[in-house]
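Open the model in your viewer and keep the selection panel at hand. The tour goes from the whole chain to single side chains.

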Amino acid sequence: MGYCVANRIRQLMAQKGLLQKFVANAAGFSNQQFSDMLNGRKIIRVEYLPQIAQALGVEIADLFPSEPLNR
């Protein structure tokens, strides 16, 4: 889940033209903590999703990819 969510967060940041450090700060994380989450070094915990969504100006559901994974 975390990797797909991280990719979706990156995609949303790019679409909105938001810098990682801006989103990190708005969500209450240091830039390093947020970087670690986006790069798989730290788990994106479910309790972080509301603050990340708010920082991005989206709904929590928007943090999940709309395309199913091929297995």
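Start with contacts along the whole chain of this predicted model. Among contacts in the protein chain with a separation of 6 or more, 54% join residues 24 or more positions apart.

Next, colour by secondary structure. The protein chain shows four helices and zero strands, so that its elements read α-α-α-α from the N terminus on.

Switch on the surface. About 4800 Å² of the protein chain is accessible, and carbon and sulfur atoms hold 51% of that area. Of the 71 residues, 34% count as buried.

Now select the largest nonpolar core, which has 21 residues. Which of them touch the most other members? Show Ile 9, Phe 34, Ile 44, Ile 52, Leu 56 and Leu 63 as sticks; these are the ones. Then colour the core by helix: H1 (2-16), H2 (20-27), H3 (31-38) and H4 each supply at least two residues.

Move on to H4, residues 49-56. Its buried residues are Leu 49, Ile 52, Ala 53, Ala 55 and Leu 56. They lie on the same side of H4, because they cover an arc of only 160° around the axis. An α-helix has 3.6 residues a turn, so residues three or four places apart point the same way. Two residues in this buried set, Ile 52 and Leu 56, are also on the list of core residues that touch the most other members.

Finish by selecting Gly 57, which follows H4. The phi of Gly 57 is positive, near 75°.

How values were computed
Residues are numbered from 1 along each chain as its sequence is written. This is a predicted model: local features need pLDDT of at least 70, side-chain atom pairs count only at pLDDT 80 or more; totals for chains, interfaces and linings use all residues. Side-chain values use heavy atoms; hydrogens and water are left out. Buried means under 20% relative accessible area, exposed over 50%, partly exposed in between (1.4 Å probe, protein chains only). Contact means heavy atoms within 4.5 Å. Accessible areas come from the Shrake-Rupley method with a 1.4 Å probe; for residues, only the protein chains shown count as cover. The arc is that of the directions from the helix axis to the C-beta atoms. A nonpolar core is a set of buried Ala, Val, Leu, Ile, Met, Phe, Trp, Tyr and Cys residues joined through side-chain atoms within 4.5 Å.
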